[in-house]
Amino acid sequence: MHGIRRDRGGGARVGLTEQERELVRQLCERLAAELESGDDDDGLARLFPAAYPDDEEAAEEFERLARPTLADGKVSALRLVEATSGEERLGAEDAQSWLTALNDVRLVLGTRLGVTEDPGAGDLTHPGYAVYAWLTWLQSELIEALAAGQ
(Lines give C-alpha, C1' and ligand atoms only; values in the text may rest on other atoms or scores of the structure.)
Protein backbone atom coordinates (compact mmCIF):
# COMPACT_ATOMS: atom_id res chain seq x y z
CA MET A 1 0.00 0.00 0.00
CA HIS A 2 1.25 3.46 -0.84
CA GLY A 3 -0.59 6.41 0.67
CA ILE A 4 -2.90 6.64 3.65
CA ARG A 5 -5.86 4.37 4.35
CA ARG A 6 -8.45 4.15 7.09
CA ASP A 7 -7.49 1.99 10.06
CA ARG A 8 -10.07 -0.24 11.74
CA GLY A 9 -9.50 1.61 15.02
CA GLY A 10 -10.56 4.99 13.61
CA GLY A 11 -7.07 6.18 12.78
CA ALA A 12 -5.02 5.71 9.66
CA ARG A 13 -2.40 3.39 8.16
CA VAL A 14 0.48 5.30 6.60
CA GLY A 15 2.28 3.70 3.66
CA LEU A 16 5.09 6.04 2.69
CA THR A 17 8.66 5.44 1.59
CA GLU A 18 11.47 6.32 3.98
CA GLN A 19 12.31 9.35 1.80
CA GLU A 20 8.71 10.56 1.95
CA ARG A 21 8.61 10.10 5.72
CA GLU A 22 11.86 12.03 6.04
CA LEU A 23 10.48 14.84 3.87
CA VAL A 24 7.37 15.11 6.04
CA ARG A 25 9.54 15.14 9.16
CA GLN A 26 11.88 17.82 7.82
CA LEU A 27 9.09 20.06 6.55
CA CYS A 28 7.29 19.91 9.89
CA GLU A 29 10.50 20.43 11.86
CA ARG A 30 11.39 23.49 9.76
CA LEU A 31 7.96 25.11 9.96
CA ALA A 32 7.74 24.52 13.73
CA ALA A 33 11.15 26.16 14.17
CA GLU A 34 10.07 29.14 12.06
CA LEU A 35 6.89 29.57 14.11
CA GLU A 36 8.83 29.29 17.35
CA SER A 37 11.39 31.89 16.21
CA GLY A 38 8.73 34.58 16.12
CA ASP A 39 9.90 35.82 12.72
CA ASP A 40 7.20 36.53 10.19
CA ASP A 41 6.86 36.57 6.43
CA ASP A 42 3.93 36.30 4.02
CA GLY A 43 4.02 32.51 4.26
CA LEU A 44 3.75 32.42 8.05
CA ALA A 45 1.24 35.27 8.04
CA ARG A 46 -0.98 33.08 5.82
CA LEU A 47 -1.49 30.82 8.83
CA PHE A 48 -2.98 33.70 10.82
CA PRO A 49 -5.38 35.66 8.60
CA ALA A 50 -6.88 38.85 9.98
CA ALA A 51 -9.90 38.05 12.12
CA TYR A 52 -11.39 41.47 11.43
CA PRO A 53 -10.23 42.60 7.97
CA ASP A 54 -12.33 45.78 8.12
CA ASP A 55 -11.30 46.82 11.62
CA GLU A 56 -7.55 47.20 12.06
CA GLU A 57 -7.74 47.89 15.80
CA ALA A 58 -9.90 44.83 16.50
CA ALA A 59 -7.67 42.70 14.24
CA GLU A 60 -4.55 43.78 16.13
CA GLU A 61 -6.20 43.08 19.49
CA PHE A 62 -7.34 39.63 18.34
CA GLU A 63 -3.83 38.96 17.00
CA ARG A 64 -2.26 39.97 20.30
CA LEU A 65 -4.59 37.84 22.37
CA ALA A 66 -5.14 34.78 20.17
CA ARG A 67 -2.04 34.30 18.04
CA PRO A 68 0.22 32.85 20.78
CA THR A 69 -2.33 30.13 21.55
CA LEU A 70 -2.98 29.46 17.86
CA ALA A 71 0.75 29.30 17.14
CA ASP A 72 1.30 26.91 20.07
CA GLY A 73 -1.39 24.59 18.69
CA LYS A 74 0.20 24.65 15.24
CA VAL A 75 3.67 23.97 16.64
CA SER A 76 2.28 21.13 18.75
CA ALA A 77 0.70 19.49 15.67
CA LEU A 78 3.89 19.97 13.65
CA ARG A 79 6.05 18.48 16.41
CA LEU A 80 3.71 15.51 16.75
CA VAL A 81 3.96 14.79 13.01
CA GLU A 82 7.71 15.19 13.22
CA ALA A 83 7.77 12.60 16.03
CA THR A 84 5.34 10.17 14.35
CA SER A 85 6.52 10.47 10.74
CA GLY A 86 8.00 6.98 10.94
CA GLU A 87 4.86 5.34 12.33
CA GLU A 88 2.85 2.96 10.19
CA ARG A 89 -0.36 3.50 12.15
CA LEU A 90 -1.81 6.70 13.57
CA GLY A 91 -4.54 6.99 16.15
CA ALA A 92 -7.49 9.25 15.39
CA GLU A 93 -6.05 12.22 17.33
CA ASP A 94 -2.64 11.86 15.70
CA ALA A 95 -4.27 11.64 12.28
CA GLN A 96 -6.07 14.93 12.98
CA SER A 97 -2.74 16.51 13.97
CA TRP A 98 -1.26 15.26 10.71
CA LEU A 99 -4.14 16.90 8.84
CA THR A 100 -3.54 20.21 10.63
CA ALA A 101 0.22 20.10 10.07
CA LEU A 102 0.02 19.09 6.40
CA ASN A 103 -2.45 21.89 5.75
CA ASP A 104 -0.19 24.44 7.45
CA VAL A 105 2.90 23.29 5.55
CA ARG A 106 0.97 23.45 2.26
CA LEU A 107 -0.37 26.94 3.01
CA VAL A 108 3.07 28.33 3.83
CA LEU A 109 4.79 26.64 0.89
CA GLY A 110 2.02 27.64 -1.52
CA THR A 111 2.18 31.26 -0.39
CA ARG A 112 5.94 31.36 -0.74
CA LEU A 113 5.73 29.81 -4.21
CA GLY A 114 2.99 32.22 -5.29
CA VAL A 115 0.39 29.49 -5.83
CA THR A 116 -2.95 30.99 -6.80
CA GLU A 117 -6.11 29.81 -8.49
CA ASP A 118 -4.60 31.09 -11.76
CA PRO A 119 -2.85 28.04 -13.26
CA GLY A 120 -0.43 30.30 -15.16
CA ALA A 121 0.80 32.14 -12.06
CA GLY A 122 4.21 31.44 -10.55
CA ASP A 123 7.26 29.59 -11.79
CA LEU A 124 5.93 26.06 -12.28
CA THR A 125 9.47 24.78 -12.92
CA HIS A 126 10.47 25.54 -9.33
CA PRO A 127 11.13 22.23 -7.50
CA GLY A 128 8.94 23.42 -4.65
CA TYR A 129 5.90 22.87 -6.87
CA ALA A 130 6.60 19.12 -6.92
CA VAL A 131 6.69 19.13 -3.12
CA TYR A 132 3.51 21.22 -3.01
CA ALA A 133 1.73 18.81 -5.37
CA TRP A 134 2.89 15.83 -3.33
CA LEU A 135 1.69 17.43 -0.09
CA THR A 136 -1.66 18.09 -1.76
CA TRP A 137 -1.92 14.41 -2.67
CA LEU A 138 -0.90 13.31 0.83
CA GLN A 139 -3.42 15.63 2.48
CA SER A 140 -6.13 14.34 0.12
CA GLU A 141 -5.24 10.74 1.03
CA LEU A 142 -5.59 11.56 4.72
CA ILE A 143 -8.89 13.40 4.26
CA GLU A 144 -10.33 10.48 2.29
CA ALA A 145 -9.11 7.99 4.91
CA LEU A 146 -10.66 9.91 7.78
CA ALA A 147 -13.89 10.57 5.89
CA ALA A 148 -14.26 6.85 5.10
CA GLY A 149 -15.19 6.15 8.71
CA GLN A 150 -17.92 8.77 8.96
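**Exercise 1. Where does phenylalanine 48 lie, and is phenylalanine 48 buried or exposed?**

Solution. The model is a predicted one, and the position of the residue can be read from its secondary structure elements. Phenylalanine 48 is placed in the loop between α2 and α3. The next step is its accessibility: the relative accessible area of phenylalanine 48 is 9%, and since buried means under 20%, phenylalanine 48 counts as buried. As for its surroundings, once neighbours within four places in sequence are set aside, phenylalanine 48 is in contact with Leu35, Glu63, Arg67, Leu70, Ala71 and Lys74. For one of these partners a backbone distance can be added, as the C-alpha atoms of phenylalanine 48 and arginine 67 are separated by 7.3 Å, although the two residues are 19 apart along the chain.

**Exercise 2. Work out which residues leucine 47 touches when residues up to four places away in sequence are not counted.**

Solution. Begin with the location, which for leucine 47 is the loop between α2 and α3. Then take the accessibility: with a relative accessible area of 7%, leucine 47 is buried. Finally, list the contacts, which for leucine 47 are Leu35, Lys74, Asp104, Leu107 and Val108, with residues up to four places away left out. A separate distance concerns valine 81, which is 34 residues from leucine 47 along the chain, and here the C-alpha atoms are separated by 17 Å.

**Exercise 3. Describe the aromatic pair of the structure, and explain why it is classed as edge-to-face.**

Solution. The structure holds one aromatic pair. Its members are tyrosine 52 and phenylalanine 62, whose ring centres are 6.2 Å apart and whose planes stand at 80°, so the pair is edge-to-face; the cut-off needed for this step is that planes over 60 degrees apart count as edge-to-face. Because tyrosine 52 lies in the loop between α2 (42-45) and α3 (56-84), while phenylalanine 62 lies in helix α3, the pair ties together parts that are 10 residues apart in sequence. The last step is exposure: tyrosine 52, at 43% relative accessibility, counts as partly exposed, and phenylalanine 62, at 35% relative accessibility, also counts as partly exposed.

**Exercise 4. Decide whether glutamate 82 is buried or exposed, and name its contacts beyond four places in sequence.**

Solution. Glutamate 82 belongs to helix α3. Its relative accessibility is 17%, and glutamate 82 therefore counts as buried. With neighbours within four places in sequence left aside, glutamate 82 is in contact with Arg25, Cys28 and Glu29.

**Exercise 5. Set out the fold of the whole chain, and explain why it can be called as compact as a globular protein of its length.**

Solution. Start with the elements: the chain has five helices and three strands, and from the N terminus on they follow the order β-β-α-α-α-β-α-α. The radius of gyration of the chain is 16 Å, close to the 15 Å that the globule rule gives for 150 residues, so the chain is as compact as a globular protein of that length. Along the principal axes, the C-alpha atoms fill a box of roughly 50 × 35 × 30 Å. Turning to burial and contacts, 39% of the 150 residues count as buried, and of the contacts between residues at least 6 apart in sequence, 63% join residues at least 24 apart. The surface comes next: the chain exposes about 8,800 Å², of which carbon and sulfur atoms supply 50%. To finish with charge, the chain carries 15 positive and 30 negative charges, and their mean positions are 9 Å apart.

How values were computed:
Residues are numbered from 1 along each chain as its sequence is written. This is a predicted model: local features need pLDDT of at least 70, side-chain atom pairs count only at pLDDT 80 or more; totals for chains, interfaces and linings use all residues. Side-chain values use heavy atoms; hydrogens and water are left out. Helices (H or I, at least four residues) and strands (E, at least two) are DSSP runs, numbered from the N terminus. The radius of gyration is taken over C-alpha atoms; the globule rule is 2.2 Å times the number of residues to the power 0.38. Buried means under 20% relative accessible area, exposed over 50%, partly exposed in between (1.4 Å probe, protein chains only). Contact means heavy atoms within 4.5 Å. Accessible areas come from the Shrake-Rupley method with a 1.4 Å probe; for residues, only the protein chains shown count as cover. Lys and Arg count as positive and Asp and Glu as negative; His and the chain ends are not counted. The place of a charge is taken as NZ of Lys, CZ of Arg, CG of Asp or CD of Glu. Rings of Phe, Tyr and Trp (its six-membered ring) pair if their centres lie within 6.5 Å; planes under 30 degrees apart count as stacked, over 60 as edge-to-face and the rest as tilted.
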